[in-house]
Structures are given as C-alpha cells and as structure tokens.
Amino acid sequence: MNSQIFYLFSLLTLFSSLVLIHVPRGSSNPDEFYQTCGNKYSCGDITGLGYPFRSVNDPPYCGYPGFELNCNQDSSTTMIINKIKYRILDVRPTTQTIKIMREDIMESTCPVDLVNTTLDYSLFDYATSYTNLTFLYDCPVSPNFAEMDQMACRNSKYENVFVLPGAQGPGKCNASVTVPVIQMSGATVGSLNSTGWGKVLQEGFDIRWKMDSKACSECTDTRGRCGYDAFMKQTICFCPDPPYESASCSVAAFGVSPPLPISRPSPAGTYSCFPKNYFRLDLPS
C-alpha cells in the first residue's frame, strides 16, 4: 500500500513540474497570448505599428525576430540590424518599407562606429536606388588624396578623414566605413562640405522587409492577432476563442467553421495540453 501511494505521489509531482515548466508565470486563461499581443507600438512620430514589429518590452511571441523597436527618452525609435543601431525615420506598412539612418551619425558628421553598413538580407533589402560612400579615417597626407574631399568630423577624435564615392577598403588609412545614402541629384563628393555630408547622411535610406504578409492578413481578417511560433519559425494566429492558436480564427458571424488547430509540440513558455490518458496509473499490485 505504501509503495502505491509513493508511486502515485511521484506521478503527481512530475505532472506538476511539467505544468510549471510549460505554462507562463502569471498566465490565468488560454487566450492570454491574444490579449497580450493586442498592443500597438507608438513612440513619437512612429505610431500604430503592429506585427511583425513589437516593442522590446513586449513578449517575443508578439513580433517576428529582428523587428524589435525601442522607444528612447527623446521619443525616437531605434532598432538593431546586424548589430548596428538604426534610427527609424518613417515606416510605411502598405509598401513594407522603412526609412532608417545610422544612430551613430547623430553624434557626428561621420560614422562613429567603424563598421560597414550591412543589412540582414534574410529579412531586409534596399527599397530604392542608393549610392555608397566610403569614409577613410586617419589617412596619410599625400598627393594621392588630393582629389578626395577632406572633412572635419564634428565631435570626432579622428583627423584627416576623407570621403569618396563607392565602397572602398581602408588602403593606407587606418579604417574605412561604407554608408549608403539616397541618390544625390546634382551633388558630387567634392561639392559638399562636412555640414552638407551630415545632412545627406541624416536623410537616411529606404529598406524593405521581405516577410510575406499573407499569413498575418488572413489572421487579422478573422479577428485574430498575429504572433510568432518559435518552434515552427513562422507566423501564427492567436484567437479569442478556441482553437486559441491556429492559421486563422473562426468567424461565427459569417458561419465559418473553426479551423483545425496547429498540431505541434509545445515549446517552453507556452501552454502544454496533455492528451487523454497521457498518464496511466498502472499501480503495482
């Protein structure tokens, strides 16, 4: 008898541990993901953004990885792309385009972080025509640099900074940084001073996000809210009614039958539902 009680107690302890692992702390209802992901991102001039974007303060499942936005104290919005911080100047969801600029240019008329501008091409691409500029730092003073535009970078520790069109390596200089800018009409490298370059850089450039919006549109068209399934690595639909996670939600008003729930193992941090008779209490005789 004692062995049977111990066996039953062990199973109950295991079951409780699994529930604690899979159910989020503080969750009290199965539509919590739907309720949580109803927030829209708004900060300064950037307002009303939903999926694939999310605030860094929102749960990861409310946005697609790589689209985390941070609202700063000055009401500006920044995001990280390939370890470079960018300031968001404008977002146009209908065309899936964002106007961005390097945040380090706010401190100086030249890039401060000596890394080339790169995108995560699995998520983004350039949306419009652009021109590459290369900034060369701590270059030797020689006739070879006579045709380049030497500039004084505001708030910069670097001297003998040159700028030239195209993507170039550092050569004899200590460092080089390539930055894309919008196509300039009538302006050339030699025709702009450091103040002019600062304005060109701060106009930013347009990028486009590549994500297919069809899955999210089908979700929102059926009263759902879009989220991200980390296990399947794809967009998922959170619904206010069963099934709470699916490809789209049921719309009872239109007589649409509820879609079949997505069948997959529950990753850590999500609800875990155990099949009937998952635990069989075959007690020892």
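Gln202 is partly exposed, with a relative accessible area of 32%, a value that falls between the 20% under which a residue counts as buried and the 50% over which a residue counts as exposed. The model in which this residue is seen is a predicted one. Gln202 belongs to helix α3, which covers residues 194-202, and its position brings together two parts of the chain: Gln202 and Ile105 are separated by 97 residues in sequence, yet their C-alpha atoms are 7.1 Å apart in space.

From helix α3 we may turn to the strands. Seven strands form an open sheet with mixed pairing, and their order across the sheet is β3-β4-β5-β6-β7-β13-β8. The edges of this sheet are taken by β3 and by β8 (124-126), and because each of these has a single partner strand, one side of each is left without a neighbour in the sheet. The partnership at the β8 edge can be followed at the level of residues: β8 pairs in the antiparallel sense with strand β13 (residues 205-209), over three bridges, and Phe124 has Trp209 in β13 as its bridge partner.

Another antiparallel pairing joins strand β9 (residues 130-137) to β11, this time over four bridges. Within that pairing, Phe135 stands opposite Val163 of β11. Strand β11 itself comprises residues 161-165, and since four of its five residues are buried, this strand is largely enclosed by the rest of the structure.

The covalent cross-links offer a further route through the chain. A search of the whole structure finds six disulfides, and three of them are followed here, beginning with the one between Cys37 and Cys62, whose sulfur atoms are 2.1 Å apart. Cys37 lies in the loop between α2 (32-36) and β1 (41-43), whereas Cys62 lies in the loop between β3 (54-55) and β4 (68-71), so that this pair links distant parts of the chain, 25 residues apart. The link of Cys37 and Cys62 is left-handed, with -85° about the S-S bond. Cys37 is buried at a relative accessible area of 11%, and Cys62 also counts as buried, at 8% relative accessibility.

The disulfide between Cys43 and Cys71 has an S to S distance of 1.9 Å. Here Cys43 lies in strand β1 and Cys71 in strand β4, and therefore the pair ties together parts that are 28 residues apart in sequence. The torsion about the S-S bond of Cys43 and Cys71 is about 70°, which means that this disulfide is right-handed. The surroundings of the two cysteines can be set side by side: Cys43 counts as buried, at 4% relative accessibility, while Cys71 is partly exposed, with a relative accessible area of 41%.

Further along the chain, a disulfide joins Cys219 to Cys237, with 2.1 Å from S to S. This pair, too, links distant parts of the chain, 18 residues apart, with Cys219 in helix α4 (residues 214-220) and Cys237 in strand β15 (residues 234-238). With 80° about the S-S bond, the link of Cys219 and Cys237 is right-handed, and both Cys219 and Cys237 are buried.

Key. Residues numbered from 1 in each chain as written. Predicted model: local features only at pLDDT ≥ 70, side-chain atom pairs only at ≥ 80, totals over all residues. Heavy atoms only, no water. Buried < 20%, exposed > 50% of the residue type's maximum accessible area, 1.4 Å probe, protein only. Helix = DSSP H or I, 4+ residues; strand = E, 2+ residues; numbered from the N terminus. Pairing = 2+ DSSP bridges. Disulfide = S-S within 2.5 Å.
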